[in-house]
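Please take a moment with the sequence and the structure shown here, and keep the ligand in view as you read on.

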Amino acid sequence: MTTTANHTPDPTKAIDRTRLLIHGEWVDAADGAEFDVYNPSTGQVFTRVSEAGPEDVNRAVESSRKAFEEGPWRNMTPLDRSAALWRLGDLLLENADEIGRVETLDQGQPFSIARHGSVPSAARMFHYMSGWATKIEGNTIPISAGGDFHVYTRREPIGVVGCIVPWNFPLVIAAWKVAPALAAGNTVILKPAEQTPLTALMLGELALEAGIPPGVLNVIPGFGGRTGQTMTEHMGIDKISFTGSTTTGRRIVDASKGNLKRLSLELGGKSANIIFPDADIEAAIGGSANGIFFNAGQACAAGSRLYVHENVYDEVVAGIAEVAKNIKVGDGFDPTSEIGPLASAQHLDRVTGYLQSGVSEGARTVTGGTQIDTQGYYVAPTVFADAREDQKIVQEEIFGPVVVALKFTDTEEVVRAANRSAYGLAGGIWTKNISTAHKVAAQFQAGSVWVNCYQVFDPAMPFGGYKESGWGREMGHEVFNDYTQVKTVCVNLDT
Ligand code: TXE
């Protein structure tokens, strides 16, 4: 791959990597299968990619197992492992123009966001996690059993980790999983989503260039029901780290029981964002609008349930609707686009179904509410107001640029309402009252709470769900609980 400075992306340029990456080689699927990849900005097919079938999953597992057991990675000094991961972060940045271009083609996010948001964010994950490769430590433990014992723990890698990622932030979420899995000494089989397979392949290519040995990161695009299902059932994979829907998460729990795989599950959300009357209303409007409309609402932590105090309800709803109306929705390669299309035709159907359901269940459409009538998978940023708790648009994850506003009167009531969800991924609080902020943060049944900000992510901040939003944590040092296992060694010193 090559990079040019201040580059203007060319959507028509051919895609370099479209085959499976297994043991450092680019190979066709064993049965020759391929699938079409669509540009969501136009709805047109722009390339085809090899589709890994069961035989290819077997090949990838054999390769990753060999790479794990023979130890070119696990037995590398932690400092060398750290250096390779740092180098991979650097290579992502060096190739940011081309990776950004491909992410925009594949996922639809505006090029400026892909190039200056997604790629640096993935690079930061490798840089941050590279530091942990030298710091994964055990403990020494004083015990009271009779005798003289030296007891200590070792944190060891789990083995072969299957990473199954979604299509909303293809490269970023791959980095969330691959970087800590590798830092801990595991080997990885990465399966990108069928809608967005390309930047995962580029990551695999750069990993080889960074000196990560063949087989340590295999990349096998394919469909969930076939490639993904084969991975989760596979007896040769020790752990699955998955981000996607709660429905598929449940399927993965069922499918993984053969060898009782370890599971990390980062699932859906329907996060409550609460605006108290004493908030900086202008900041709350801007932050809350960004918290739902960023990436066309295709973000698991999106603040999709907006609870607004009755004293400021009309002002906030009008303010967010004004932001929504002025957002420029368009082709990811149009430099004026602020948000792009939805990632697939299937997802467009899902989101427009919710738009219809909002209206038929009686919510008031303040702005938007429609598909944008053009080629590609666009919907208008939408604000529903005066919704009721029992409506589908309040209970279910829409995963589109659609916010539902609800009015509240007192704090206890809004906390109860915010927690009345099967999900528990994230939440937001807007207030100038420090006591309200901390009290409500403590009462939120959610894995992340933002106060006077929304969707701030950092590699050092753990992220994951309460309740049906999942198991385990991504990022921070917490993530190593999910990518290592603890061995206790007890040595009798009286021999
Ligand atoms: O997700 P799936 P879908 C939510 C969002 C969206 C809904 C459906 O609400 O509207 O899910 O999206 C792989 N075994 N989120 O159907 O199926 C699949 O190939 C193993 C929230 O696209 O969960 C892809 O790689 N893997 C979310 C990944 O799972 C399987 C992000 C995600 O697809 C599989 C995405 C199987 N049986 C959707 N079936 C978030 N938490 O950010 C599918 N896959």
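**The surroundings of the ligand**

In this predicted model, the shell around the ligand is made up of ten nonpolar, nine polar and six charged residues. Among the 25 residues around the ligand, those that come nearest are Val165, Trp167, Glu194, Ser245 and Glu397.

If we ask where in the chain the shell comes from, part of the reply lies in four elements, α7 (224-233), β9 (239-243), α8 (246-255) and α11 (345-360), each of which supplies at least two of its residues. Seen by domain, the shell takes at least three residues from domain 1 (20-267 + 471-487) and at least three from domain 2 (272-459).

Some of these residues can be followed down to single atoms. An N or O atom in the side chain of Trp167 is 2.7 Å from an oxygen atom of the ligand, while a polar backbone atom of Ser245 is 2.8 Å from a ligand oxygen atom. For Thr248, a polar side-chain atom lies 2.9 Å from an oxygen atom of the ligand. On its own the ligand has 810 Å² of accessible area, and the protein covers 91% of it.

Finally, the space that the ligand takes up is the largest pocket.

Key. Residues numbered from 1 in each chain as written. Predicted model: local features only at pLDDT ≥ 70, side-chain atom pairs only at ≥ 80, totals over all residues. Heavy atoms only, no water. Near = heavy atom within 4 Å. Polar contact = N/O pair within 3.5 Å; in protein donor to acceptor, adjacent residues only side chain to side chain. Areas by Shrake-Rupley, 256 points an atom, 1.4 Å probe, with all protein chains shown as cover. 1 Å grid on protein atoms, 1.4 Å probe; cavity = no way out; pocket = protein on both sides within 12 Å on 5 of 7 lines; lining within 4 Å. Sits in = over half its atoms within 2 Å of the grid points. Nonpolar A, V, L, I, M, F, W, Y, C, P; charged D, E, K, R; others polar. Domains from an automatic or database assignment.
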